[in-house]
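Please open the structure in your viewer and keep the sequence panel beside it, since this tour moves from one selection to the next. At each stop you will be told what to select and what to look for there.

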Amino acid sequence: MRIEQELKLGFKDVLFRPKRSTLKSRSQVDLSREFTFKHSGEKWSGVPVIAANMDSVGSFEMAKALSEHQVLTAVHKHYSVAQWQTFVAGASEKELSNVMVSSGTSDADFEKTQQILAMSQHLMFICIDIANGYSEHLVEFVGKVRTAFPNKVIIAGNVVTGDMVEELILAGADIVKVGIGPGSVCTTRVKTGVGYPQLSAIIECADAAHGLGGRIIGDGGCSCAGDVAKAFGGGADFVMLGGMLAGHEESGGEVIEKDGKQFMKFYGMSSQSAMDKHSGGVAKYRAAEGKTVLLPYRGSVHDTISDILGGVRSTCTYVGAAKLKELTKRTTFIRVQEQENNVFGRE
C-alpha cells in the first residue's frame with residue numbers, strides 16, 4: 001500500500017484568472033476545432049462538445065439537433081441494427097459525420113459495430129466504452145477494432161491516469177475517454193472507493209496523450225458552462241456531457257407527470273434502471289453503480305447548448321483566447337474555497 005500526497009483537483013477547486021484581452025465581443029470567439037487523428041488519418045472539424053452515450057441522452061434525435069450546432073453525439077449502444085438503418089437512411093452527411101457509434105467489447109458488440117459502419121462511409125467514429133478502462137481486455141479489443149477499421153477514428157475508455165492513456169493510444173486508439181466517477185448519476189466512487197478528481201485527471205491525461213499525438217475526451221463532472229470551459233482550459237480536446245443535456249425533448253427519455261409538473265427520468269448506465277432495461281437486472285456478482293433521478297422537463301435542447309457554448313465563448317473573452325484552441329495556453333487556474341454566492345440558490 002502507498003499514499004500519493006500530491007493534491008488533486010476537481011472543477012469546484014479552481015477558477016480562471018482573467019487576463020488582458022483584445023477581444024471586444026463574444027462573437028469574435030471561434031469555438032470550432034479541426035483535428036487530424038493519429039492512427040486513422042481522418043480529419044474532423046466542428047465544436048468539440050459531445051452528448052454522452054447514455055440512453056437518456058445520446059439519442060438519434062439528440063444527434064440531429066446538436067449537429068445543427070456542429071456538436072457531436074455519442075449514440076448509445078442499445079439501438080438495434082434496424083433502428084440504425086432507419087436513422088442512416090434519413091440522415092445527412094453532416095449529421096452522420098457528427099455521430100459516434102458506441103460499442104462494448106463482446107463479440108456480439110464487434111459484429112453489430114461492423115454491421116452499422118457498413119451502412120455509410122460517413123460514419124467516422126467508434127466509441128469503445130466500458131466502465132473500467134484498465135482491463136487488459138479493452139487494450140486487446142482496441143487492437144482488434146483498429147485492425148478491422150484502419151480508417152476509423154477509435155475512442156476508448158474510461159481511464160484517469162497517463163500510463164493507461166498511453167497504452168490505449170499505442171494499441172490503436174485515436175482518442176481516450178477520461179473520467180471515473182465524476183458523473184452526476186454515477187455512484188462508482190461511493191460503491192467502490194475508486195476515482196480521480198476530474199480536472200487533475202484531464203490535465204495529466206492530456207499531457208500523456210498529446211505527447212504521443214493522441215487526443216482525450218473529458219467525460220463527466222460538468223454541472224455548468226464554467227466547468228466545460230475549465231475542462232478545455234485543463235487540456236481536454238473534447239468534453240462529453242450527460243446530465244447537462246438530459247431532460248430535454250431530444251434526450252430520448254419518458255416524460256412523467258407528477259404533481260402537475262413534467263419530469264424526465266435520467267439514470268447512470270450502471271444503475272439498476274439501466275440494467276433492468278437492458279440486461280435483465282443486476283447480476284448477482286456485482287452492485288449497481290448509478291442512480292436514477294427525475295429531472296424537470298426542459299423542452300428543446302437548442303437553448304441549452306447555445307447557453308453552454310455562450311458560456312465557453314465568454315470564458316475565452318475573459319482570458320484573451322480568440323479561438324478555443326488557444327484557451328489552454330491562456331489558462332491560469334487559481335485554487336479557491338468558494339465558487340459562487342448561493343444565498344438565493346443556484347440558477
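## A turn between two strands

Begin by selecting Asp-259, which has its place in the loop between E11 and E12. Keep in mind throughout that this is a predicted model. Asp-259 has a positive phi of about 55°, although it is not a glycine, and it belongs to a hairpin of E11 and E12 that has two residues between the strands. Is Asp-259 buried or exposed? With a relative accessible area of 74%, Asp-259 is exposed, because exposed residues are those over 50%.

## The sheet around that turn

Now widen the selection to the strands on either side of the hairpin and to E13, which together make an open sheet of three strands in the order E11-E12-E13, with antiparallel pairing. The edge strands, each pairing on one side only, are strand E11 (255–258) and strand E13 (292–296). If you look along the sheet, neighbouring strands are turned by 45° against each other on average, direction ignored.

Follow the pairings one at a time. E11 and E12 run antiparallel and are joined by four bridges, and here you can find Lys-258 standing opposite Lys-261 in E12. On the other pairing, strand E12 (residues 261–267) meets E13 in the antiparallel sense over five bridges. Two pairs are worth selecting there: Met-264 stands opposite Leu-295 in E13, while the bridge partner of Tyr-267 in E13 is Thr-292.

## The nonpolar core

Next, move to the interior. In soluble globular proteins, nonpolar side chains tend to be buried together. In this model the largest nonpolar core has 103 residues, of which Trp-84, Phe-125 and Leu-245 touch the most other members. Select Leu-245 and show its surroundings: leaving aside residues up to four places away in sequence, Leu-245 touches Ala-51, Val-57, Met-62, Leu-66, Ser-251, Arg-298, Val-301, Thr-304, Ile-305 and Ile-308.

## Two helices with buried residues

Select helix H9 (residues 225–233), which is mostly covered, with eight of its nine residues buried. The buried residues are Ala-225, Asp-227, Val-228, Ala-229, Lys-230, Ala-231, Phe-232 and Gly-233. What do the buried residues of H9 pack against? Their partners are strand E1 (14–16), strand E3 (43–51), H8, strand E10 (238–241), helix H11 (301–319) and strand E14 (333–335). Following H9 you come to Gly-235, whose phi is positive, near 115°.

Then select helix H6 (residues 162–171), where Gly-162, Met-164, Val-165, Leu-168, Ile-169 and Ala-171 are buried. Those buried residues pack against helix H5 (136–148), strand E7 (153–159), E8 and helix H8 (198–211). H6 is followed by Gly-172, which has a positive phi near 130°.

## A cis peptide bond and another positive phi

Stay with strand E7 for a moment and select Asn-158, which has its place in that strand. The peptide bond joining Gly-157 and Asn-158 is cis, with an omega of about 10°.

From there, go to Gln-70, in the loop between helix H1 (60–67) and strand E4 (71–75). The phi of Gln-70 is near 65°, a positive value in a residue other than glycine. At 40% relative accessibility, Gln-70 counts as partly exposed, because this value lies between the limits of 20% for buried and 50% for exposed.

## The cysteines

For the last stop, select Cys-186, found in the loop between strand E8 (175–178) and helix H7 (188–192). According to the unreviewed UniProt entry, the annotation "active site" covers Cys-186; such annotations may be inferred rather than shown by experiment. Cys-186 counts as partly exposed, at 26% relative accessibility.

How many disulfides are there in the model? The count comes to zero disulfides, taking a disulfide as a pair of cysteine sulfur atoms within 2.5 Å. Cys-186 is in no disulfide, and its nearest cysteine sulfur, that of Cys-222, is 14 Å away. Cys-222 is likewise in no disulfide, and the nearest cysteine sulfur to Cys-222, that of Cys-224, is 7.7 Å away. Finish by checking the surroundings of Cys-222, which is buried, with a relative accessible area of 13%.

Conventions
Residues numbered from 1 in each chain as written. Predicted model: local features only at pLDDT ≥ 70, side-chain atom pairs only at ≥ 80, totals over all residues. Heavy atoms only, no water. Pairing = 2+ DSSP bridges. Axes fitted to C-alpha atoms, helices over the stretch in contact; angles between N-to-C directions. Buried < 20%, exposed > 50% of the residue type's maximum accessible area, 1.4 Å probe, protein only. Contact = heavy atoms within 4.5 Å. Core = buried A, V, L, I, M, F, W, Y, C linked by side-chain atoms within 4.5 Å.
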